Amino acid sequence: MTGVKGVTTSRRTRARLASDGALLLVAVAFALPLVWLLFASLDGSADLRVRPPTSPTLENFDAVLTDEITFTPMLNSLLLCGSATLLTVVCAALAAYPLSRHRSRLTRPYLLTILFTTCLPITAIMVPVYGLFVQVDLIDTMYGTALFLATAQLPFAIWLMKNFMDGVPKVLEEAAWTDGASTTQTLVRVVLPLMGPGVGVVTIYTFIMLWGNFFVPFMLLLSPEQLPASVSIFTFFGNYGSVVYGQLAAFSILYSTPVLLLYILISRRLGGGFALGGAVKG
Amino acid sequence: MQQAGSRRRAGSWRQAGRWLPIAPATALLLLFLAGPIGYCVWIAFTNTQLTGSSSSDFVGFANFRRAFADDNFRNAVQLTLTFTFLSSIVGQNTLGLALAGLMRAASRPVRTVTGALVITAWVLPEIVAAFLLYAFFRREGTLNAILDQLHLPAQNWLFTLPILAVSFANVWRGTAFSMLIYSAALAEIPQDITEAAEVDGASGPLRLWHITLPMIRRSIGTNLMLNTLSTLSVFGLIWAMTRGGPGNRSQTLPVFMYDQAFVNSLIGYGTAVALLLLLVGSLFSIVYLRLMKVEV
């Protein structure tokens, strides 16, 4: 008995060592570009290869922490993504409520259309959106861009929100109904507080997706002082040649930090299956 | 009689009121999503140009005929297929499955570190990822430095094999999604089934082929479909790394569409390409919805 156990144990150990080795190899491959980013940001004379800085310095961060390079684009990103996220979440919560609570012949087709839309390559419609925005004079406006960003993210937000809402028991709500509460009152006072973490996940996830979005603001915003960080960083390294890589690395870190932190904040709730799993499994 | 009628009317009003909250979202979706798609269908059949002021005539299928006769379009289709096949179907999917599988056997710290790195690459903004891999693949970048150490020939990757470089970039950036989907799927396989097979002496590859893969085939379908769709619409990564170049050797359909519409000012033609892309995407989405037999 111990013999058999010993054999399986050693086989387990060997399997674990082999798996560890293979995973570490992949980890190194994934880490190299990230390590370069860290090293370059701390290196006064960074080039394109991974190399620990000989005399680590914060001068790259110093150099990019100006209104023009960092603060204005980041503030633009915050305004753009913040307002779009707010719009998305409010509209998604409102829309998800009847979809989750009431039955109608139209519920299923509506939800299927939503799911279908989440799969569409939004990239494809950017050219006509540009044309449309020129015609209705929304081009190069922050609110126009925010409206489009919000809409692009809306189908998935509705889908996620509806799934979270389905998990809230109906009993308390029915009590509120009998007390004569209206639909909106019930939603705001009873349902949303009960699904707080769900709303949090939808909000943060939406914000992360919008924060990284490049193509939409790249197309719809023209004036430099309105550009969010995703586009300003592109113009920063888009004109290759005279780029100071260390500064670009430093700015990349500043730009990426908020979404990394927010992801950590929701990773536990997204982890494992990831809410997408629930969303795509239907 | 009259009373019953008014009560029914009041009921249907209440019914409509319950659905009122759905209005703002629907309005946004109609205005900014259905609207552009409809506009896309219209523009694709005209000869609208960016510079040609108001000259916009209906030209029927001319844009589509032109596309199918255009070598550059065919090149873009081919590159899109290569890019999608390499990075999504082979790269992200297989690597994601392998990582998820290995993690089940690996020790905890290794699992945590690898998972964190792969997910970080995924969470980073698209342009930052593009910039990092641009630096990685450049002639004077990290990859060549490593090859040099190993006494292997260095290459100017972005010039000699641009489509391979952007495909790798997409694998680096997108594998986390597959990894998460497959981790969840593998966790759902009952332990005793694999153990029974192990006791019966089934080897690793046999177990994978006869037990694991059939049990997670739904997740494989989901994952392939979603990966393919998101890869079809990759623009920023390629645009930032190579601008579709050198020449047109990494010009996938989204980049081709952008170039036609804005570099060559042919909005009508660019939109026709966009419409084709949208059609391919819709077909995939419909297959996906059928495959998943979504219950809503």
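At what angle do helix H5 of chain A and H2(B) pack, and how far apart are their axes? In this predicted model, H5(A), which covers residues 126–135, packs against H2(B) at an angle of about 100 degrees, and the axes are 9 Å apart. Angles from 65 to 115 degrees count as roughly perpendicular, so H5(A) sits roughly perpendicular to H2(B). On the H5(A) side, the residues involved are Pro128(A), Val129(A), Gly131(A), Leu132(A), Phe133(A) and Gln135(A). Across from them, H2(B) brings in Phe32(B), Gly35(B), Pro36(B), Tyr39(B) and Cys40(B). Sorted by character, the residues of this contact come out as eight nonpolar and three polar, with no charged ones.

H2(B), made up of residues 23–43, also packs with helix H6 of chain A, residues 142–166. Here the angle is about 125 degrees, with the axes 9 Å apart. That puts H6(A) and H2(B) oblique to each other, and their crossing is left-handed. From H6(A) come Leu147(A), Phe148(A), Thr151(A), Leu154(A), Pro155(A) and Ile158(A). Their partners in H2(B) are Ala25(B), Leu28(B), Leu29(B), Phe32(B) and Leu33(B). This contact splits into 10 nonpolar residues and one polar, again with no charged residue. Phe32(B) turns up in the contact with H6(A) as well as in the one with H5(A).

Now for the two chains as a whole. Between chain A and chain B, about 8400 Å² gets buried, and 79% of that lies on carbon and sulfur atoms. On the chain A side, the residues that lose the most area to chain B are Leu23(A), Phe30(A) and Leu48(A), which together account for 9% of what that side buries. Counting residues, 93 from chain A are in contact with 90 from chain B.

What about charge pairs? Side chains of opposite charge can pair when their charged atoms come close. Between chain A and chain B, the count of salt bridges is zero, while a search of the whole structure turns up five over all chains. One of the salt bridges joins Arg101(A) to Glu173(A), with the closest N and O atoms 2.8 Å apart. This pair ties together distant parts of the chain, 72 residues apart: Arg101(A) belongs to helix H3 (residues 67–101) of chain A, and Glu173(A) to helix H7 (residues 171–178) of chain A.

Methods
Residues numbered from 1 in each chain as written. Chains lettered and ligands numbered in written order. Predicted model: local features only at pLDDT ≥ 70, side-chain atom pairs only at ≥ 80, totals over all residues. Heavy atoms only, no water. Axes fitted to C-alpha atoms, helices over the stretch in contact; angles between N-to-C directions. Helix = DSSP H or I, 4+ residues; strand = E, 2+ residues; numbered from the N terminus. Parallel < 35°, antiparallel > 145°, perpendicular 65-115°, else oblique. Left-handed = near helix turned anticlockwise from the far one by under 90°. Contact = heavy atoms within 4.5 Å. Nonpolar A, V, L, I, M, F, W, Y, C, P; charged D, E, K, R; others polar. Buried area = accessible area lost by both parts, 1.4 Å probe. Salt bridge = Lys/Arg side-chain N within 4 Å of Asp/Glu carboxyl O.
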